Structures are given as C-alpha cells and as structure tokens.
Amino acid sequence: MARRLFLFDLMDTVVEDPFFRTVPRALGLPLDRILAYKDPKAWLRFEAGEIDERGWHHEFFRPDVSDPPFTREDFARAMQSDYRFLPGMEDLLRELAAAGIPLAIASNYPPWIDLVRRRLDLDRFFRRFFVSCELRVRKPDPRFFERILEATALPPAEATFVDDREPNVAAAAALGIESIRFEGAEALRRRLGL
C-alpha cells in the first residue's frame, strides 16, 4: 500500500445508507411509495450544492403531489436518525489509519455530512472530506475527481478510490486513479492485502 491517499465514498461504502432501510421503516411506507411523492431532482440538486436545505424543502415533493402521507421534516428526521458503519468497515478504517495511510472521504452528499461526521466520529479516520455539496459537482462527473486532485496536488497515480457504484469507479479510473469497486469490508481487506 504505497499510495499516498485513499479516497472512500461514504454511503454504502463506509456507512449504510439510511434511505433504503431506515426511511421506509420510519415513515411506514415501502420505498416505491416514498419515491412516488419525491421530486427525483431535488436531492441531486441538494447534493450538488445547487440548493440549500431550505431549497431542498421547497423542491422536495413532486409538483403534482397534493396530500403526501409524510412531511419533509419526517423524511429528514428519518434520514438523519440512524447512521451506522457497514459491517467490518470501522475496524478496517481503524487499521488503515493506525498504519498511517492518509484517508479521505470523496462522496456525493449534502451538508448533512457534518452530522454524519459527528455521529460516527469520522475525523478519527479521515483527514479530509471532499463532498459534492462543497465541490459543487457530483460523481461520476470527472470534475469531481479533478477538483480533489487539484486540492491535494496529487497526480492520479498517487490516489486510490473506493466506491460501491460502478459508474463512479469507472469515472475515477478513466482519469488514471486506481479504483476499487466496494463489495464489502472483507473483500476490500483481501484486495488491499491485509
């Protein structure tokens, strides 16, 4: 592991995404019903820093929704209520950090990243946080990775990127960044030779 920087996606790579598990349970609705009420672009705009939380609240529901069975506040509360590490990831990150390997987050996420950082004490592992809401662009757009490389002054060959989504992995690899598709902590541990 001679790389100078390991970049980790956050949701469904380090942390279990509450959208798929916690939100349906908290709202008492199946995911497809929740999606039927939400505007599909609002979250993406929130993650890209195009709108703030107030704008996200304003754009949350589809324009044709008149009487939704949950509020925006209910949804936000559910999303923020149960952040947890994926199995094995906390131990793996602890091991990498203890070995002195520089770790950073490279994630699509809104300003709620600060809440996740506090709840899971992510700063004990990660030195930097590169988040779409601050970079003003979302993965897999190549500009996402270009901005990280510029901020770190690293050539692509000195970074490794880990993400659960193939389009994001492919976009980083196209720029010359070593890229690993996340398939669980144990598979990643084997890939890294730990």
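How many aromatic pairs does a search of the whole structure find?

## Aromatic pairs

In this predicted model, searching the whole structure yields 22 aromatic pairs. One of the pairs is formed by F61 and F70, whose ring centres are 5.6 Å apart and whose planes meet at 50 degrees, so this pair is described as tilted. The angle is neither under 30 degrees, as stacking would require, nor over 60, as an edge-to-face arrangement would require, and therefore falls into the remaining class.

Both partners are buried: F61 has a relative accessible area of 13%, and F70 has a relative accessible area of 4%. Each of these values is under 20%, which means that the residue counts as buried.

## The ring cluster

Ring pairs also connect residues into a cluster, whose members are F19, F20, Y37, W43, F46, W56, F60, F61, F70, F75, Y109 and W112. The tilted pair of F61 and F70 thus belongs to this cluster.

A contact of another kind involves R117, whose charged end sits over the ring of F129 at 3.7 Å from the ring centre.

## Strand β1 and its partners

Strand β1, which spans residues 5–8, is covered on both faces, with L5 and L7 buried on one side and F6 and F8 buried on the other.

Strand β1 runs parallel to strand β4 (residues 159–163), to which four bridges join it, and within this pairing F6 stands opposite T160. Three bridges join β1 to strand β2 (residues 103–107), and these two strands also run parallel; here F8 stands opposite I105 of β2.

How values were computed. Residues numbered from 1 in each chain as written. Predicted model: local features only at pLDDT ≥ 70, side-chain atom pairs only at ≥ 80, totals over all residues. Heavy atoms only, no water. Phe/Tyr/Trp six-rings, centres within 6.5 Å; stacked < 30°, edge-to-face > 60°. Buried < 20%, exposed > 50% of the residue type's maximum accessible area, 1.4 Å probe, protein only. Lys NZ or Arg CZ within 6 Å of the ring centre and 35° of its normal. Pairing = 2+ DSSP bridges.
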